[in-house]
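Thanks for sharing this one. Here are my notes, point by point, to read with the structure open beside you.

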Amino acid sequence: MLTAEQLLAAHKANLATLFDLSQKAFEGVEKVVELNLQVAKTSMEEAAEHAKAVLGAKDPQELFALNASLLQPSAEKAAAYGRHLYDIASSTSAEVSKLAESQVAEAQKKFVSVVDNAVKNAPAGTENAVVLVKSAVAAANNAFDTVQKAAKQAADVAEANFQAITSTAVKATQAASKTPRKAA
């Protein structure tokens, strides 16, 4: 049986974990907002510069060249923005996962302690049940470890795919901006 002190301690620990998770999530949102503000400010400055350049164009070819020169940096900036968002989400997720893993590890220790305590106090003749419970606990721990490893592998594959897509998009944009265009 759990005592009132143990229940209170468990509730305090759960509340502390909730606040830690909330803090990590808020930090991630804060980073995204900061990134978006930075992108908006930079975009406004670049739009003003581009507008001045367009207004100063002397002929249609110069105007076309100005607009064409805007395409490649925009694609690269979009790819960089996506990368920054991915990095923020990935680091926030890693921090939350780390916190969750520590909580799961602590819960597993407590559960094993409870099982061990119950085993010590088990009546004679329940050895088979004790072995079954210990086996179930070991199987659950192994399953959790397997799921954790699979999730990490999936995250690694997603990261590699994201890198490949970003690289391909930037290269395609660079190639498209280097191809000569015929004047009409």
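1. Let me begin with Thr 92, which sits in helix H2, the helix spanning residues 60-120. Please keep in mind throughout that this is a predicted model.

2. Is Thr 92 buried or exposed? Its relative accessible area is 16%, and because the cut-off for buried is under 20%, Thr 92 counts as buried.

3. The side chain of Thr 92 has a polar partner in the backbone: one of its polar atoms lies 2.9 Å from the backbone oxygen of Ile 88. Leaving aside residues up to four places away in sequence, Thr 92 touches Lys 24, Ala 25 and Gly 28.

4. Lys 24 deserves its own point, as its side chain also meets that of Glu 95 in a salt bridge, with an N to O distance of 3.7 Å. Lys 24 belongs to helix H1 and Glu 95 to helix H2, so this pair ties together parts of the protein that are 71 residues apart in sequence. How accessible are the two partners? Lys 24 is partly exposed at 26% relative accessible area, and Glu 95 is also partly exposed, at 28%.

5. Another salt bridge joins the side chains of Glu 46 and Lys 77, at 2.5 Å from N to O. With Glu 46 in helix H1 and Lys 77 in helix H2, the pair ties together parts 31 residues apart in sequence. Glu 46 is partly exposed, with a relative accessible area of 31%; Lys 77 is partly exposed too, with 40%.

6. Where does the salt bridge between Arg 83 and Asp 87 sit? Both residues are in helix H2, and because they are four residues apart there, about one helical turn separates them. Their closest N and O atoms are 2.9 Å apart. Arg 83 counts as buried at 18% relative accessibility, whereas Asp 87, at 33%, counts as partly exposed.

7. How many salt bridges does a search of the whole structure find? The count is three. For your own check of the distances, a pair qualifies when a side-chain nitrogen of Lys or Arg is within 4 Å of a carboxyl oxygen of Asp or Glu.

8. Turning to the surface, Leu 15, Leu 18 and Phe 19 make a nonpolar patch of about 310 Å². Leu 18 is a member of helix H1, which covers residues 4-55. With a relative accessible area of 47%, Leu 18 is partly exposed.

9. For the protein overall, the exposed area is about 13700 Å², and carbon and sulfur atoms supply 66% of that area. Of the 184 residues in the protein, 9% are buried; Thr 92 and Arg 83 are among the buried residues.

10. Finally, the architecture. The protein has three helices and zero strands, and reading along the sequence gives the pattern α-α-α. What share of the contacts between residues at least 6 apart in sequence join residues at least 24 apart? The figure is 74%. The salt bridge between Lys 24 and Glu 95 is a good place to start looking at how helix H1 and helix H2 are tied together.

How values were computed:
Residues are numbered from 1 along each chain as its sequence is written. This is a predicted model: local features need pLDDT of at least 70, side-chain atom pairs count only at pLDDT 80 or more; totals for chains, interfaces and linings use all residues. Side-chain values use heavy atoms; hydrogens and water are left out. Helices (H or I, at least four residues) and strands (E, at least two) are DSSP runs, numbered from the N terminus. Buried means under 20% relative accessible area, exposed over 50%, partly exposed in between (1.4 Å probe, protein chains only). A polar contact is a pair of N or O atoms within 3.5 Å; within protein, one must be able to donate a hydrogen and the other to accept it, and residues adjacent in sequence count only if both atoms are side-chain atoms. Contact means heavy atoms within 4.5 Å. Patches are made of residues with over 30% relative accessible area and no salt bridge: like charges are joined within 9 Å, nonpolar side chains (Val, Leu, Ile, Met, Phe, Trp, Tyr) within 5 Å. Accessible areas come from the Shrake-Rupley method with a 1.4 Å probe; for residues, only the protein chains shown count as cover.
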